[in-house]
Amino acid sequence: MLNGKSVEAFLSNHEHREIGGGQSGARVWEVDGRYVLKHVRKDMLSEPEVFLLYQKEALFYRFIQEEGHGEVLPCLPEVLEIGISDQELLVLMKKYQLPSREALDDDLLRKIMGALAQVHTREIPAFLKREKGEPGYLTAEQTATCVEGWRSVLAEHPGAFDPEVLEQTAGRINEIIGWHHEEPQALCHGDFHWDNLLMRENGEIVVCDWQGVNAGGASGDLSFLISRLGADGTEIASESLVEIYVRERTFLTGEALSKENLLKHMRAANIITTFQFWHHYLHGSSCERVRGIYEKMK
């Protein structure tokens, strides 16, 4: 790896600065002002199972390189070296600039959606393919736990929320899960948000941090981008973003993607996630904060 040198020996021969650690223990350096080196040692991770996620990322980069698919997925960073073993991983890639949130306009959104359309229309690598299996239906006990969790959140704001929204969602949650499960599978980034977007000198978008790459529904990446931007104070209407995305998909493939169906899957994903998980994080939150999440179940 790194022409036979250890990471420490390699860094000692280059100007470098650590630019932050990755999830649960990965180390990341800027090298010579031109490259980024990510190094992961299994024995240094606080959660060893996270190593499998980094391994998946490295395998994905290697697959693209070895199969010569870089030209059909231009939103990937240029990777100069990949090292994979059972205990250690490293990826050396070109450094890119960060896009500016202040510059987020229709043209930049078009470029971001164009990059996502590249990902979603790329063939799923064999090592990521999986049987679709059965929908992840909730048991009666799991549903009751979610309901009680939400009731405890709503009890902190007496009279502020219609409890019928929660009851109706609980009654239909498995129907929604079953319908959403039928969304066609695509290659998905799995962690598609602003902090994982970079930019080439010519303004093209580069997507980094592929630990979550998977075979899933396109609505997941879209929903996650919108929710993360909203949490950071940047509100984007789902309809507007999906319209741009559908245009970019059509430009790439000529397919007539249904905007309405995609929006329905995004709403279904929001309902499922909101019902199952958000009650864990909202205790002590303001009424407005809870309302912004709770009303997604409508």
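## Two loop aspartates

In which loop is the place of D32? D32 sits in the loop between strand 2 (27–31) and strand 3. The model is predicted. In it, D32 has a positive phi of about 55°, although D32 is not a glycine. Most residues other than glycine have a negative phi. D32 counts as partly exposed, at 31% relative accessibility.

D209 also has a positive phi of about 55° and is not a glycine. Its place is in the loop between strand 8 (205–207) and strand 9 (214–217). The relative accessible area of D209 is 26%, so D209 is partly exposed.

## A buried loop asparagine

Is N196 buried or exposed? N196 is buried, because its relative accessible area is 4% and the cut-off for buried is under 20%. N196 lies in the loop between strand 6 (185–188) and strand 7 (197–199).

Residues up to four places away in sequence are left out of the contacts that follow. N196 touches H189 and D191. It also touches V206, V207, C208 and D209. D209 is the residue with a positive phi of about 55°.

## Helix 2 and the strands

Helix 2 covers residues 50–66. At 1.5 Å a residue, its 17 residues should span 24 Å. The end C-alpha atoms are 25 Å apart, which agrees.

Which residues of helix 2 are buried? They are V50, F51, Y54, Q55, E57, A58, F60, Y61, F63 and I64. Q55 and E57 are therefore on this list, under the 20% cut-off for buried. The buried residues pack against four named strands: strand 3 (35–41), strand 4 (79–84), strand 5 (88–94) and strand 6. Strand 3 borders the loop that holds D32. Strand 6 borders the loop that holds N196.

## Helix 3 against helix 6

Helix 3 (residues 106–120) and helix 6 (residues 218–231) have axes that come within 10 Å. The axes cross at roughly 155°. That makes helix 3 roughly antiparallel to helix 6, because the angle is over 145 degrees. The crossing is right-handed.

Helix 3 contributes I112, M113, L116 and H120 to the contact. Helix 6 contributes A218, D221, L222 and L225. By class, the contact has six nonpolar residues, one polar and one charged.

## Helix 4 against helix 9

The axes of helix 4 (residues 140–154) and helix 9 (residues 287–294) come within 11 Å. They cross at roughly 150°. Helix 4 and helix 9 are therefore roughly antiparallel to each other.

In helix 4, the contact residues are W150, V153 and L154. They meet V290, I293 and Y294 in helix 9. The contact has six nonpolar residues, no polar and no charged.

## Helix 7 against helix 8

Helix 7 (residues 238–253) and helix 8 (residues 259–277) have axes that come within 10 Å and cross at roughly 130°. What does that make helix 7 relative to helix 8? Helix 7 is oblique to helix 8, because roughly antiparallel needs an angle over 145 degrees and roughly perpendicular ends at 115. Helix 7 passes helix 8 in a right-handed crossing.

From helix 7, S238, E239, V242, E243, Y245 and V246 make the contact. From helix 8, the partners are K259, L262, L263 and M266. By class, the contact has six nonpolar, one polar and three charged residues.

Technical notes: Residues numbered from 1 in each chain as written. Predicted model: local features only at pLDDT ≥ 70, side-chain atom pairs only at ≥ 80, totals over all residues. Heavy atoms only, no water. Axes fitted to C-alpha atoms, helices over the stretch in contact; angles between N-to-C directions. Parallel < 35°, antiparallel > 145°, perpendicular 65-115°, else oblique. Left-handed = near helix turned anticlockwise from the far one by under 90°. Contact = heavy atoms within 4.5 Å. Nonpolar A, V, L, I, M, F, W, Y, C, P; charged D, E, K, R; others polar. Buried < 20%, exposed > 50% of the residue type's maximum accessible area, 1.4 Å probe, protein only. Expected span 1.5 Å × (residues − 1).
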